[in-house]
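Colleague: I should like to go through this model with you, beginning with its domains and ending with its sheet. Please show the sequence and structure first.

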Amino acid sequence: MALFLRPAAIVLLALAGVMALREAIAPLSTEKYERAHRFPVVLFGDSHAGDVALPGVPRFSTPAQDLVSTCFHMRAFAAARPADSHTRTVLLTIWPDKFGPIAEARLQEWDGGDGWVQSALGMSAPVLRFGDLFTSELPLALRGQFVLQSAQLRRIRKRMGYAPNQRHVPADYQVRLSAKQLHEPWFEQASVSRWAFARILELADEAGWNLILIEHPLHSVYFPQLNEEAVADYASAMQAADSLPGVHYLALGRDSLAHTAFVDHHHLSEEGAMYVRGPLLRALDAVGSEYVLPQP
Amino acid sequence: MTRFRCVTFAPVHFISIAFWLFLPTVLACHVALSGRVRAQNWVLWVASCVFYGWWDARFLLLIAGSTAVDYMVGLRLGKTDDARRRKAWLGLSLAFNLGALAWFKYAGFLADQWIAAWASVGVHMDPWTTRIVLPVGISFYTFQTLSYSVDVYRRKIPPCRDLLAFATYVMFFPQLVAGPIERASHLLPQIQRKRSVTGVAARIGWRLIFWGVFKKVVIADTVAMYANEAFGNPACTGPLLIIGVVAFALQIYCDFSGYSDIAIGTARLFGIRLRSNFRFPYFSRDLGEFWRRWHISLNTWFRDYLYIPLGGSRHGKVRALRNVAVVFLVSGLWHGADWKFVTWGGVHALFFIPLFVMGRNRKEEGRWRWWHGFQALWTFGVVCFAWVFFRADGMAHALEMLGRMGRGWGPEGWNAATWADFSHFWSPCKEGPGGGMQLPCEETIFGWVLSLFLLLEWVQFRRGVRWIWRGIWSAPWVEALMVMAAWIYGTRHASQEFIYFAF
């Protein structure tokens with residue numbers, strides 16, 4: 001009894017306590033989503049969301065955030081929709097690495113050892129649900145992490161402003177991608193990321209949002225290194241998404257920009273962010289968004 | 001310069017899912033074989049091999065070698081009364097164990113000093129690179145096996161004639177990698193006799209495990225973020241550095257004593273009592289008391305196997321002073337092959353020796369009076385000063401940090417904004433009413449948790465460990481709260497390796 005049952009009961013009691021506490025603080029995050037519904041445009045994604053130069057747009061993003069977490073953030077946002085929601089357009093930053101070997105390995109393995117579980121997945125704790133353990137399409141390791149991470153007593157972070165980045169890479173900038181990105185047809189292997197992307201498209205359709213997929217310009221050292229088959233698969237998936245009603249793919253990834261537009265091979269300096277803003281505002285206009293760029 | 005890169009590998013980590021599957025499994029096997037000591041010892045030995053060889057099974061051979069040599073030496077010592085032969089057999093044990101320790105832990109350090117010495121007289125030797133993997137726990141189990149050979153040599157204990165029991169004594173997994181360092185006279189008889197686990201023992205064992213996990217995950221790993229910031233950020237000055245050093249003092253205490261609690265608690269579940277390793281050292285009134293309360297198993301080892309053989313205090317004050325200094329310096333070196341550890345030991349020796357000269361090092365601890373608070377504060381300050389050397393990246397870093405401590409005491413170095421920058425690992429601070437900085441909720445909650453922990457430590461120190469776990473504190477929900485906190489904080493930040501795994 002004291003050797004096995006008592007400690008088991010204590011752990012179960014702790015689990016119940018954690019879940020109760022979590023439910024108690026969940027409204028604090030829900031409130032942020034409810035407030036975001038007052039805005040016509042809301043932004044989701046990873047660190048690239050920080051390079052979107054649209055002031056006054058609520059953004060729910062974390063560096064290195066995976067597509068599964070993004071999907072759950074969007075699900076939580078949809079669930080918090082009040083009757084008088086102003087949000088008609090949702091922006092999502094996307095690029096090939098969201099389906100890349102590193103992103104997929106993080107989602108499929110228990111712990112990649114790079115701290116991503118704590119730094120990125122853990123930041124999504126408020127939107128991870130105990131019930132996600134039963135999402136049978138997802139790897140068991142990831143579902144286990146959902147359960148563990150969902151115990152965190154965090155509040156969701158919402159940012160509003162855009163902080164311009166003045167730095168840029170040198171003219172002779174080089175970067176070497178991982179061997180897997182070079183040689184493997186990783187898009188085909190990215191089952192979890194593709195599952196999440198498909199759910200995001202479904203969610204946008206169900207919620208009646210215009211979904212704009214923003215692919216930022218990527219440094220010229222990036223695309224030539226990638227596995228051609230994987231890139232072709234990615235492009236075809238994006239085109240397929242673009243053909244869906246209400247979905248718009250802003251394909252700027254291969255646009256040729258000077259090195260001064262980049263902070264590294266996939267993050268933008270202020271110059272790069274300003275370059276993206278034009279097409280993005282036009283896309284917002286095209287979908288009839290009420291977003292108005294605040295005057296400086 | 002030569003680069004001997006010492007890399008540790010990790011056994012099953014106490015704070016891991018693997019351990020929480022491993023422990024009940026081993027426990028169930030142990031319970032199923034209740035009453036059959038030999039079979040239970042097989043379970044413990046195999047479990048210990050799995051535990052230690054989890055990441056890298058190569059070093060099981062080293063422990064097997066150490067086990068075989070000391071077992072054989074013990075048997076030989078038991079068979080002969082010839083003084084020269086006995087010395088030779090003991091010499092073999094010392095040579096094997098200390099030789100392994102010297103190679104894995106100190107070869108790189110000695111080679112670096114050798115090359116640096118030649119370089120100072122203008123002879124530049126070609127650097128060569130090698131890679132020595134430091135087997136985790138080598139300093140602990142080496143001392144444990146050595147104590148067996150010495151005790152058999154001194155005829156304090158009879159030689160063990162059961163190889164399985166002896167191997168289990170050397171490898172007993174709860175204390176294998178970071179102690180407490182057990183003596184054969186205490187642990188071996190427990191392994192050899194029939195063991196039973198009462199309900200009370202099981203409750204105490206689990207409570208110690210949960211308390212240890214709480215100390216490690218909630219306190220040590222969280223204050224580690226402040227310590228890492230202070231020791232890693234060259235912009236930190238004065239008060240922030242002091243806070244960082246105090247944070248490290250708390251971190252290393254909760255990390256190491258947490259490990260010891262988990263080890264002692266785990267052993268209790270198998271019907272084995274390990275020796276206490278910590279007794280609230282930061283409430284000590286002087287350094288003598290501190291060293292009777294800190295890492296007790298190592299310090300008593302040094303007393304019995306180094307200080308007393310050197311002559312102890314039997315040959316006059318001067319010789320005794322030399323022996324004390326040797327013990328402190330060797331204690332520093334035991335932690336690692338680096339001058340910073342030697343300096344850490346040296347600082348303790350420097351502050352301990354005056355007490356020793358005045359005969360106050362063995363003063364009875366007695367009743368606590370209010371003015372003892374000042375003495376405890378002074379002692380804690382000295383200990384923290386020494387921790388700077390222990391935690392810094394090297395001597396130069398430690399001295400540079402001590403220099404920086406004198407700066408930044410004005411309003412420019414100590415205000416809400418610098419604190420917000422220092423504790424950036426929490427959510428951003430907000431502007432509170434009246435324009436002042438408001439700490440994030442998470443940081444405030446942690447402040448309360450830390451205060452409660454310190455209060456519990458104080459009450460245990462004053463009223464005794466048993467007192468605190470009576471009445472309402474013995475209720476299961478108290479332990480559930482500890483597990484809850486560990487879960488919440490354990491997923492909040494990356495778990496840090498136990499500090500003493502590196503030794």
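**Domains, chains and sheet**

Modeller: The centres of domain 1 and domain 2 of chain B, taken over C-alpha atoms, are 30 Å apart; the domain bounds come from an automatic or database domain assignment. This is a predicted model, in which local features need pLDDT of at least 70 and side-chain atom pairs count only at pLDDT 80 or more, while totals for chains, interfaces and linings use all residues. Residues are numbered from 1 along each chain as its sequence is written, and chains are lettered from A and ligands numbered from 1 in the order in which they are written.

Colleague: Which element gives the most to the side of domain 1 of chain B that touches domain 2 of chain B?

Modeller: The assignment gives domain 1 as 3–195 and domain 2 as 201–285 + 365–502. Their contact (C-beta atoms, placed from the backbone, within 7 Å) takes 19 residues from domain 1 of chain B and 23 residues from domain 2 of chain B. On the domain 1 side, α1, α7 (173–176) and α8 (184–192) of chain B give two or more residues; helices are DSSP runs of H or I with at least four residues, strands are E runs of at least two, and both are numbered from the N terminus. The element that gives the most, with three residues, is α1(B).

Colleague: Which element gives the most to the side of chain B that touches chain A?

Modeller: In this interface, 20 residues of chain B are in contact with 20 residues of chain A. At least two residues each come from α1 (17–32), α9 (199–232) and α20 (476–492) of chain B. The top contributor, with 10 residues, is α20(B).

Colleague: From which element does the largest share of the largest nonpolar core come?

Modeller: A nonpolar core is a set of buried Ala, Val, Leu, Ile, Met, Phe, Trp, Tyr and Cys residues joined through C-beta atoms within 7 Å; a residue is buried if 20 or more other C-beta atoms lie within 10 Å of its own, exposed if 12 or fewer, and partly exposed in between. The largest such core has 131 residues, and Phe214(B) and Ala486(B) are among those with the most contacts inside it. Leaving aside neighbours within four places in sequence, Phe214(B) is in contact with Met482(B), Ala485(B) and Ala486(B). The largest share of the core, 20 residues, is from α9(B).

Colleague: Why is one side of β2 and of β5 of chain A left without a neighbour in the sheet?

Modeller: The open sheet of chain A has five strands in the order β2-β1-β3-β4-β5, with parallel pairing; two strands pair if DSSP finds at least two bridges between them. β2 (59–61) and β5 (247–251) of chain A each have one side free because they stand at the edges, each with a single partner strand.

Colleague: In β5(A), what is the bridge partner of Leu211(A)?

Modeller: Strand β4 (residues 210–215) of chain A is mostly covered, with six of its six residues buried. Leu211(A), Leu213(A) and Glu215(A) point one way from β4(A), and Asn210(A), Ile212(A) and Ile214(A) the other. Five bridges join β4(A) to β5(A) in parallel. In β5(A), Ile214(A) has Leu250(A) as its bridge partner, and Leu211(A) has Val247(A).

Conventions. Two residues are in contact if their C-beta atoms, placed from the backbone, lie within 7 Å.
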